[in-house]
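Work through the exercises below with the sequence and the coordinates at hand. Each task is followed by a solution in steps.

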Amino acid sequence: MDKKVLLVDDDEKLRKLLGEYLEGYGFKVIALADGSMVPETIQAKSPDMVILDIMLPKRNGLEVLKDIRMEFAIPVIMLTAKGDDEDRIVGLELG
C-alpha cells in the first residue's frame with residue numbers, strides 16, 4: 001500500500017515539482033492550492049502526513065494547522081520561505 005501525502009501549496013510550479021519528487025519515492029500525492037479544504041480532504045482521503053505551506057492565500061498555513069490539530073493527530077511538515085523566529089515558534093507550539 002502506498003503512503004499518501006497531502007501537499008498544500010499555492011505555488012503551482014513548486015507543488016508539481018514536489019509532487020513528482022515524492023511520487024518518485026512511491027508516495028501518492030494529493031495536492032491542494034489553498035487551505036480551504038484541508039480538514040475535509042484529510043477526512044475523505046486519510047493521508048499519512050501533510051506538507052503545508054505557511055504563506056497561503058485566504059488563510060495562512062498556521063491557521064490551517066490550528067484546524068488540523070483540532071480534529072487530527074496527523075504528522076505535519078511546515079514548508080516555508082519565511083525564516084522569522086516567531087513563525088517557527090508558533091509552528092512548533094501548534095504541533
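Of the 95 residues of the protein, 37% count as buried, where buried means under 20% relative accessible area, exposed over 50% and partly exposed in between (1.4 Å probe, protein chains only). The model is predicted, so local features need pLDDT of at least 70 and side-chain atom pairs count only at pLDDT 80 or more, while totals for chains, interfaces and linings use all residues. Residues are numbered from 1 along each chain as its sequence is written, and side-chain values use heavy atoms, with hydrogens and water left out.

**Exercise 1. Outline of the fold**

Task: list the secondary structure elements of the protein in order from the N terminus.

Solution. Helices (H or I, at least four residues) and strands (E, at least two) are taken as DSSP runs, numbered from the N terminus. The protein has four helices and four strands. Their order from the N terminus is β-α-β-α-β-α-β-α. Next, take contacts, meaning heavy atoms within 4.5 Å. Among those between residues at least 6 apart in sequence, 67% join residues at least 24 apart.

**Exercise 2. Packing of two helices**

Task: describe how α2 and α3 pack, giving angle and axis distance.

Solution. Helix α2 covers residues 38-45, and helix α3 covers residues 61-71. Axes are lines fitted to C-alpha atoms, for helices over the stretch in contact, and angles run from 0 to 180 degrees between N-to-C directions. The axes of α2 and α3 are 9 Å apart and meet at an angle of about 40 degrees. That angle makes α2 oblique to α3, since under 35 degrees counts as roughly parallel, over 145 as roughly antiparallel, 65 to 115 as roughly perpendicular and the rest as oblique. For the residues involved, Val38, Pro39 and Ile42 of α2 meet Val64, Asp67, Ile68 and Glu71 of α3. By class, this contact has five nonpolar, no polar and two charged residues (Ala, Val, Leu, Ile, Met, Phe, Trp, Tyr, Cys and Pro count as nonpolar, Asp, Glu, Lys and Arg as charged, and the others, Gly among them, as polar).

**Exercise 3. Two residues of one helix**

Task: state whether proline 39 is buried or exposed, and do likewise for glutamine 43.

Solution. Proline 39 is placed in α2. Its relative accessibility is 14%, so proline 39 counts as buried. Leaving aside neighbours within four places in sequence, proline 39 is in contact with Asp67, Glu71 and Phe72. From proline 39 to glutamate 71 the C-alpha distance is 7.9 Å, across 32 residues of sequence. Glutamine 43 also belongs to α2. With a relative accessible area of 56%, glutamine 43 is exposed. Its C-alpha atom is 8.9 Å from that of phenylalanine 72, which is 29 residues away along the chain.

**Exercise 4. A strand residue**

Task: find which residues valine 50 is in contact with, leaving aside its neighbours within four places in sequence.

Solution. Valine 50 lies in strand β3. At 0% relative accessibility, valine 50 counts as buried. Its contacts are Leu6, Val8, Ile42, Ile68, Ile74, Pro75, Val76 and Ile77. For valine 8, the C-alpha separation from valine 50 is 7.6 Å, with their positions 42 residues apart along the chain.

**Exercise 5. Positive phi**

Task: place serine 46 and lysine 58 in their loops, and give phi for each.

Solution. Serine 46 sits in the loop between α2 and β3. Its phi is near 50 degrees, a positive value in a residue other than glycine. At 45% relative accessibility, serine 46 counts as partly exposed. Lysine 58 sits in the loop between β3 and α3. Its phi is near 70 degrees, again positive in a residue other than glycine. Lysine 58 counts as exposed, at 73% relative accessibility.
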